[in-house]
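Here are some notes on helix packing, set out as numbered points for a colleague who would like to check them against the coordinates.

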Amino acid sequence: MRNLVFVILTVLSMQLSAQDKFWLGADISGTTELESRGVQLYNAAGEPRENTRLMKELGMNAIRLRVWVNPKRGFSNKEDVLVMALRAKALDMPVMIDFHYSDWWADPAKQNIPEAWKNMNYKQMKRALARHTEETLRLLKQHGIDVRWVQVGNETTNGFLWPMGKAQDNMKQYAGLTDAGYAAVKKVYPDAIAIVHLDCACDPGRYDFIFDGLRKYKARFDMIGVSVYPYWDIDSKLEADYKGTIKDFPANIKRISEKYGVETMVVETGVEVAKPEEGKVILKAIIDAAMNDCGGHCHGVFYWAPELEGQYPLGAFKDHRPTIIMEAFTEAAGK
């Protein structure tokens, strides 16, 4: 009996330790496309590095990967995701899978139905979404990938699969599609954390709108994912400066965690790469606020596409190597 009690307590202790871990990660989904163009990445010392290994060296302990349904060039389809997930597995880094439910980018401004799904009715769409989710996750499970989190949609502030699942017009259908994704996740990875992800974590109104609607129609979710981008908050006049975002997003995280009874994570963030010194200050403030100002309800921070250069203002690399922005992760990891 004493041995049994000891074993039970040991298992519980391990589970609590894993739950208490703070996750530092990045979405590096574009890595294989960069490699196909012959781009070589380097560490700050100028030594060649594969991107997943570089993230590990910088102090990260997890990786986020997006999934598109039928992308024209193949990048970010399920087979491409497996390539990256296997690299993460080799480095003992768990993976967050981010389903866009589109053939290309999905975000608050666009949530386009995949070409192959365009003529489907609502019931058919739910089945297609579930099938795509299951097939992708089963492929990963067959290869022993540690899928710790799964996003059912990307920045679904206005729903997804428009117009069928546009939240402002068809909240009930958006909720039903979300719940179909949740059920598919649990069918393959019962212990994975299913995330619903919105943008602008500083803005309470959009969180109440979506999550009140999901609760009204009994859609299931385990965690709320948030985007924290001071640059875009200022651009859209939600905040006057980055300090406003740093003050307001933890307050909203505490509020929604208590209101909906779930934990949260910053699944996307980024700062202006053209101002690396200021960017490091801001990123350190984001990580510190997520760790210390959210009442223990925020469990990680993921940077979006730090390696992306030339087309996007919020990367974190210059000349294919990390700027000092990325030192914020290294310091947070205690390296």
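1. At what angle do the axes of helix H6 and helix H7 cross, and within what distance do they come? In this predicted model, the axes of H6 (residues 167–188) and H7 (residues 204–216) cross at roughly 55° and come within 9 Å. Because angles under 35 degrees count as roughly parallel and those from 65 to 115 as roughly perpendicular, H6 is oblique to H7.

2. The crossing of H6 and H7 is right-handed. On the H6 side the contact involves Ala167, Gln168, Met171, Tyr174, Ala175 and Thr178, which meet Phe209, Ile210, Gly213 and Leu214 of H7. Sorted by character, the residues of this contact between H6 and H7 comprise seven nonpolar and three polar, with no charged residue.

3. A further packing pair is formed by helix H4 (residues 78–90) and helix H5 (residues 122–142), whose axes lie 10 Å apart at an angle of about 30°. Since angles under 35 degrees count as roughly parallel, H4 and H5 are therefore roughly parallel to each other.

4. The crossing of H4 and H5 is right-handed. H4 contributes Lys78, Glu79, Val81, Leu82 and Ala85 to the contact, while H5 contributes Glu135, Thr136, Leu139 and Leu140. The residues of the contact of H4 with H5 divide into five nonpolar, one polar and three charged, whereas the contact of H6 with H7 has no charged residue.

Definitions and conventions: Residues numbered from 1 in each chain as written. Predicted model: local features only at pLDDT ≥ 70, side-chain atom pairs only at ≥ 80, totals over all residues. Heavy atoms only, no water. Axes fitted to C-alpha atoms, helices over the stretch in contact; angles between N-to-C directions. Helix = DSSP H or I, 4+ residues; strand = E, 2+ residues; numbered from the N terminus. Parallel < 35°, antiparallel > 145°, perpendicular 65-115°, else oblique. Left-handed = near helix turned anticlockwise from the far one by under 90°. Contact = heavy atoms within 4.5 Å. Nonpolar A, V, L, I, M, F, W, Y, C, P; charged D, E, K, R; others polar.
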